[in-house]
Amino acid sequence: MNQHRLSPGAPAPAITRRSALAAVVATGAAPQLLAQSPTVLITGHNSQHPIGIASFRGEEQSPQRLSHIIRADLERSGSFRNIDAGGIPLDEQARPDMNVWRQRGASWLAAGSVTRLGDGRYEVRFRLWDTTRGDAGQDLGGQSYVVAPADLRLAAHRIADFIYEKVMGKPGIFSTRIAYVTKAARYSLWVADSDGENAQAALTSPEPIISPAWSPDGRQLAYVSFESRKPVVYVHNVATGQRRLLANFRGSNSAPAWAPDGSRLAVTLTRDGGSQLYTIAAGGGEPRRLMQSLGIDTEPVYSADGQSIYFVSDRGGAPQIYRMGAAGGGAQRVTFSGGYNISPSISPDGAYLAFISRTGGYRLHVQDLASGRVQALTDTSADEHPSFAPNSQLIVYATRQGGSSALMTTTVDGKVKVRLAAKGGEIREPAWGPLLR
């Protein structure tokens, strides 16, 4: 293994990546690191890869059980089925007997260790094998991280990312972040790990906070705050906690959405009468109106290629989702199933539209954009604000479950759902952040 040191993240008063991470990588490039595991409630079954995650040597003496976090991450993805590893640690530097693991039904095997160093940091090592490749299996490489105690959770997420990408051929999203809003005595905007853990407050206010939206580089959040007694759009630096005013025009300023290149945002303004769509430069300035409509146009979201904007309009009499060019022009209706459809989210691969449809309550649906086929993903009736993971394989959303507010993820086929850890209060408007490389 060759050593590679990652640069430290910037400190922040409200949201931090905590300490720097030093990484050693044998196969693949090492990313940077975040900081018990979510409540995993699987409600269906998928085509899943059987994997054994052996207990990490030394993890019982560390602040985090890394193997537990990795198992929960992979299970939450819907693509893996955990094989009981018997609780016996393996030596990641010695090839295990693959026959034993094949007999247990594991096609993949990961083993690792956690060692406390003299300066208080921890060295985390792991290795992954494909047990099906020959009698001895195939070594798929591994990684080694030197981390502060606060970064052990992020090390586990990075390991899960490595495993996911090696097996699935797509990026893992476990080390990404999500944002969401809670309403309790006050409103709070939270930034958390992808499993809901390690939540830190970006903003707390007695007035509503709505519509958080991540910048493409994951460094900023745009949102709407009512603290001046009207809706105003701010852009918030996640690392420093500093923010700046983006849109405070006459009337309402709402529903910010970043263009994929980060150069501008689409917003909904009423400054010229009625709720209409505009774009505004990321640095602020005079907005540009995209179209003239007699209806209410709102909730814009860019396609991944930046060529189109999807939005909600009642121009046909009831809210439906439409699409237009990113520079404006004519609009085409996209949703026809159901009489009331809102909250569009486009998968980063451009294949799917997630939205909320009022059908026996408010339920999460997904539409295949190529075929037009629509599928209801939930049986709950208070779903809101879906947001795709950056690899397009999961959706985060808010709902009510068992009489309480819940932060949930689901696979795109709706077969595997997980309730994440979340702060107390009424949970609203989750947004999944981008991949950070």
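**Exercise 1. Asp161**

Decide whether Asp161 in this predicted model is buried or exposed, and find its contacts beyond the neighbouring sequence.

*Solution.* Start with the accessibility: Asp161 has a relative value of 5%. The cut-off for buried is under 20%, so Asp161 counts as buried. Next, place the residue: Asp161 belongs to helix α3. Finally, list the partners. Leaving aside residues up to four places away in sequence, Asp161 touches Gly172, Ile173, Phe174 and Ser175.

**Exercise 2. The helix around Asp161**

Work out how the span of α3 compares with the expected one, and how many of its residues are buried.

*Solution.* Begin with the limits: α3 covers residues 152-168, which gives 17 residues. From the first C-alpha to the last, α3 reaches 24 Å. At 1.5 Å a residue, 24 Å is also what one would expect, and the two values are close. Now turn to burial: 14 of the 17 residues are buried, so α3 is largely enclosed by the rest of the structure. To finish, look just past the end of the helix, where Gly169 takes a positive phi of about 75°.

**Exercise 3. A second helix**

Find which residues of α1 are buried, and say what follows for the helix as a whole.

*Solution.* Go along the helix, residues 66-76, and collect the buried positions: Leu66, Ser67, Ile69, Ile70, Ala72, Asp73, Leu74 and Arg76. That makes eight of the 11 residues, so α1 is largely enclosed by the rest of the structure. Just after α1 there is a glycine with positive phi as well: Gly78, at about 80°.

**Exercise 4. How the two helices meet**

Describe the geometry of α1 against α3, then the residues that make the contact.

*Solution.* First take the axes, which come within 9 Å and cross at roughly 45°. An angle under 35 degrees would be roughly parallel, and 65 to 115 roughly perpendicular; α1 and α3 are therefore oblique to each other. The crossing of α1 past α3 is right-handed. Then take the side of α1, which contributes Leu66, Ile69, Ile70, Asp73 and Leu74. Across from them in α3 are Leu152, Arg153, Ala156, His157, Ile159, Ala160, Ile163 and Tyr164. Sorted by class, this contact has 10 nonpolar, one polar and two charged residues.

**Exercise 5. Positive phi in strands**

Find where Ser211 and Glu429 sit, and what their phi values and burial are.

*Solution.* Keep the background in mind: most residues other than glycine have a negative phi. Ser211 has a positive phi near 60°. Its place is in strand β11, residues 209-214, and its relative accessibility of 15% makes Ser211 buried. Now do likewise for Glu429, which is not a glycine but has a positive phi of about 50°. Glu429 lies in strand β31, residues 426-432, and at 13% relative accessibility Glu429 is buried.

**Exercise 6. A glycine in a loop**

Locate Gly285, classify its accessibility and find what it touches.

*Solution.* Start with the location: Gly285 is in the loop between β17 (276-281) and β18 (288-289). Its relative accessibility is 44%, so Gly285 counts as partly exposed. For contacts, set aside residues up to four places away in sequence; Gly285 then touches Phe249 and Ile280. As a last step, check a C-alpha distance: Gly285 and Ala247 are 38 residues apart in sequence and 8.4 Å apart in space.

Conventions
Residues are numbered from 1 along each chain as its sequence is written. This is a predicted model: local features need pLDDT of at least 70, side-chain atom pairs count only at pLDDT 80 or more; totals for chains, interfaces and linings use all residues. Side-chain values use heavy atoms; hydrogens and water are left out. Helices (H or I, at least four residues) and strands (E, at least two) are DSSP runs, numbered from the N terminus. The expected span of a helix is 1.5 Å times one less than its number of residues. Buried means under 20% relative accessible area, exposed over 50%, partly exposed in between (1.4 Å probe, protein chains only). Axes are lines fitted to C-alpha atoms, for helices over the stretch in contact, and angles run from 0 to 180 degrees between N-to-C directions. Angles under 35 degrees count as roughly parallel, over 145 as roughly antiparallel, 65 to 115 as roughly perpendicular and the rest as oblique. A crossing is left-handed if the near helix is turned anticlockwise from the far one by less than a right angle, and right-handed if clockwise. Contact means heavy atoms within 4.5 Å. Ala, Val, Leu, Ile, Met, Phe, Trp, Tyr, Cys and Pro count as nonpolar, Asp, Glu, Lys and Arg as charged, and the others, Gly among them, as polar.
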